[in-house]
Amino acid sequence: MGGITTEEALCLVLQHTPVIQEKEQIQIANISGRVLAEDVKTVFDNPPFHRSPIDGYACRAADLTGASKEQPVCLKVLREIDAGDYSEEEVQPGQAVRIMTGAAIPPGCDCCVRQEDTDYSEERVQIYKAERPWGNYCFKGEDFKAGQVLLKAGRELGFVEAGVLAGMGVPKVSVYRRPRIAVLTTGNEVVQPGEPLAPGKIYDINQKLLAVRLLELGVELCEARSVPDEPEQMAEALKKAAKEADLIVTTGAVSVGKKDIMHESLALIGAERVFWGIQVKPGMPTLFSDYQGIPVMSLSGNPFSALVITELLLRPMLAKMMRKPSLDLVRVQGTLADAFGKPSPSRRFVRAYWEKGTFHLPEGLNSNGVLASMVGCNCLLDVPAGSGALKPGDEAEAILL
């Protein structure tokens with residue numbers, strides 16, 4: 001088995017990664033993490049009327065000149081305007097309306113006075129403080145004007161955008177559909193959680209590990225199942241998955257053992273091998289293929305190895321596929337708080353926890369088949385090829401999970 005660099009592998013997988021073009025309309029309550037497919041333009045001013053930001057009285061600033069606690073200004077209260085009410089009656093000099101927060105300011109008024117600066121009267125109110133013209137006054141259209149493109153296509157949507165869309169009166173938006181991913185795990189030795197664990201069997205960690213991680217990254221799982229270690233059965237599973245999936249992920253059976261069937265299975269369906277082998281640990285036997293335009297990422301059966309390549313290669317693939325830069329890899333620097341005793345002849349990724357510029361290594365084994373020590377970790381230390389044992393205080397770099 002040869003091997004290419006991680007960067008070369010990433011370049012190749014991205015060349016074979018399609019960008020989702022199909023669109024769908026969804027309710028704004030469901031837009032979190034989705035990517036907008038079309039510009040959204042406003043059709044009215046917001047707020048659609050001048051409104052009060054306070055509870056108090058709307059009136060004319062000219063009437064309040066010199067107002068103080070000692071010499072209050074007295075104005076006639078015409079009526080009360082609550083939020084949701086509207087009055088076209090123009091307020092004249094010497095008059096005011098009692099007004100609540102969010103209510104429409106009537107014609108003739110150019111300011112609002114806080115009720116704390118009045119005697120709270122409902123007939124003739126005494127005002128103890130002058131106000132400047134347009135003080136405590138929210139103008140029509142100050143949030144946005146009709147005809148603006150407020151949200152542009154390609155934007156990742158979240159709670160702020162949901163609020164903006166609601167303010168525009170938009171119930172649905174056009175977004176790119178989620179990529180459909182199939183996860184196929186191999187191994188006659190694996191059984192599903194909840195089933196009896198017979199001698200020689202282990203539970204299928206990878207299926208749940210990958211399915212949940214991919215869901216976290218925002219995909220739609222069209223299939224997640226285990227396939228026996230038989231080339232023909234895996235070939236049929238691949239063909240079936242390809243009818244619906246935009247990307248197929250498999251785990252196990254990629255090395256050189258008697259039961260490493262992925263090579264034969266992919267050959268049976270006529271898939272093109274793009275590469276086999278990466279100069280990295282864990283993840284060296286990673287196999288990447290293209291089947292009728294659908295990328296097939298075949299990962300090692302070791303859980304930590306599968307997790308590392310998911311972050312290094314699958315995550316950037318999904319970032320391109322979904323138009324989501326938020327999925328791009330983020331690197332951080334810091335110093336080691338703990339030692340890592342193994343030398344690294346080839347590039348290695350090590351589980352760690354990064355906090356305030358310091359990397360902490362977990363207790364327990366750091367082997368490919370061990371996952372429990374990954375609990376609580378939030379990054380993968382990127383150890384360059386040719387590194388010796390790492391010591392406390394050494395500078396390091398990592399990819400955040």
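The paragraphs below go through a helix pair, a set of salt bridges and two loop residues in this structure, which is a predicted model.

A good place to begin is the pairing of helix H3, which spans residues 205–216, with helix H6, which spans residues 303–322, since the axes of H3 and H6 come within 11 Å and cross at roughly 30°. Because angles under 35 degrees count as roughly parallel, H3 is described as roughly parallel to H6. The crossing in which H3 passes H6 is right-handed.

The side of H3 that takes part in this pairing is made up of Ile 205, Asn 206, Leu 209, Leu 210, Arg 213 and Leu 214, and these residues meet Pro 303, Ala 306, Leu 307, Thr 310, Glu 311, Arg 315 and Leu 318 in H6. Sorted by character, the residues of the contact between H3 and H6 comprise eight nonpolar, two polar and three charged.

One of the H3 residues in that contact, Asn 206, can be followed further. With a relative accessible area of 4%, Asn 206 is buried, because any value under 20% falls in that class. If residues up to four places away in sequence are not counted, Asn 206 touches Thr 185, Ala 211, Thr 251, Ser 300, Gly 301, Asn 302, Pro 303 and Ala 306. Two of these neighbours, Pro 303 and Ala 306, are also listed among the H6 residues that H3 meets.

The next topic is charge pairing. Side chains of opposite charge can pair when their charged atoms come close. The structure holds 20 salt bridges, and a few of them can be examined individually. Arg 155 forms one with Glu 161, where the closest N and O atoms are 2.9 Å apart. As for exposure, Arg 155 has a relative accessible area of 43% and is therefore partly exposed, whereas Glu 161, at 9% relative accessibility, counts as buried.

A second salt bridge links Glu 236 to Lys 239, with 3.1 Å between the closest N and O atoms. Both Glu 236 and Lys 239 belong to helix H4, which runs over residues 231–242, and they are three residues apart, or about one turn of the helix. Glu 236 counts as partly exposed at 47% relative accessibility, and Lys 239 is likewise partly exposed, its relative accessible area being 33%.

A further salt bridge is formed by Asp 394 with Lys 391, and here the closest N and O atoms lie 3.8 Å apart. Elsewhere, Glu 7, Arg 331, Arg 347, Asp 382 and Glu 397 are joined into one network by salt bridges that share partners.

Two acidic residues in loops complete the walk. Asp 117 is located in the loop between strand E6 (111–114) and strand E7 (124–127). At 14% relative accessibility, Asp 117 counts as buried, and its contacts, leaving aside residues up to four places away in sequence, are with Gln 126, Ile 127, Tyr 128 and Lys 129.

Glu 88, in turn, is placed in the loop between strand E4 (73–81) and strand E5 (95–99). Glu 88 has a relative accessibility of 67% and counts as exposed, because the cut-off for that class is over 50%. Between Glu 88 and Val 296 there are 66 Å in space, C-alpha to C-alpha, and the two are 208 residues apart in sequence.

Technical notes. Residues are numbered from 1 along each chain as its sequence is written. This is a predicted model: local features need pLDDT of at least 70, side-chain atom pairs count only at pLDDT 80 or more; totals for chains, interfaces and linings use all residues. Side-chain values use heavy atoms; hydrogens and water are left out. Axes are lines fitted to C-alpha atoms, for helices over the stretch in contact, and angles run from 0 to 180 degrees between N-to-C directions. Helices (H or I, at least four residues) and strands (E, at least two) are DSSP runs, numbered from the N terminus. Angles under 35 degrees count as roughly parallel, over 145 as roughly antiparallel, 65 to 115 as roughly perpendicular and the rest as oblique. A crossing is left-handed if the near helix is turned anticlockwise from the far one by less than a right angle, and right-handed if clockwise. Contact means heavy atoms within 4.5 Å. Ala, Val, Leu, Ile, Met, Phe, Trp, Tyr, Cys and Pro count as nonpolar, Asp, Glu, Lys and Arg as charged, and the others, Gly among them, as polar. A salt bridge is a side-chain nitrogen of Lys or Arg within 4 Å of a carboxyl oxygen of Asp or Glu. Buried means under 20% relative accessible area, exposed over 50%, partly exposed in between (1.4 Å probe, protein chains only).
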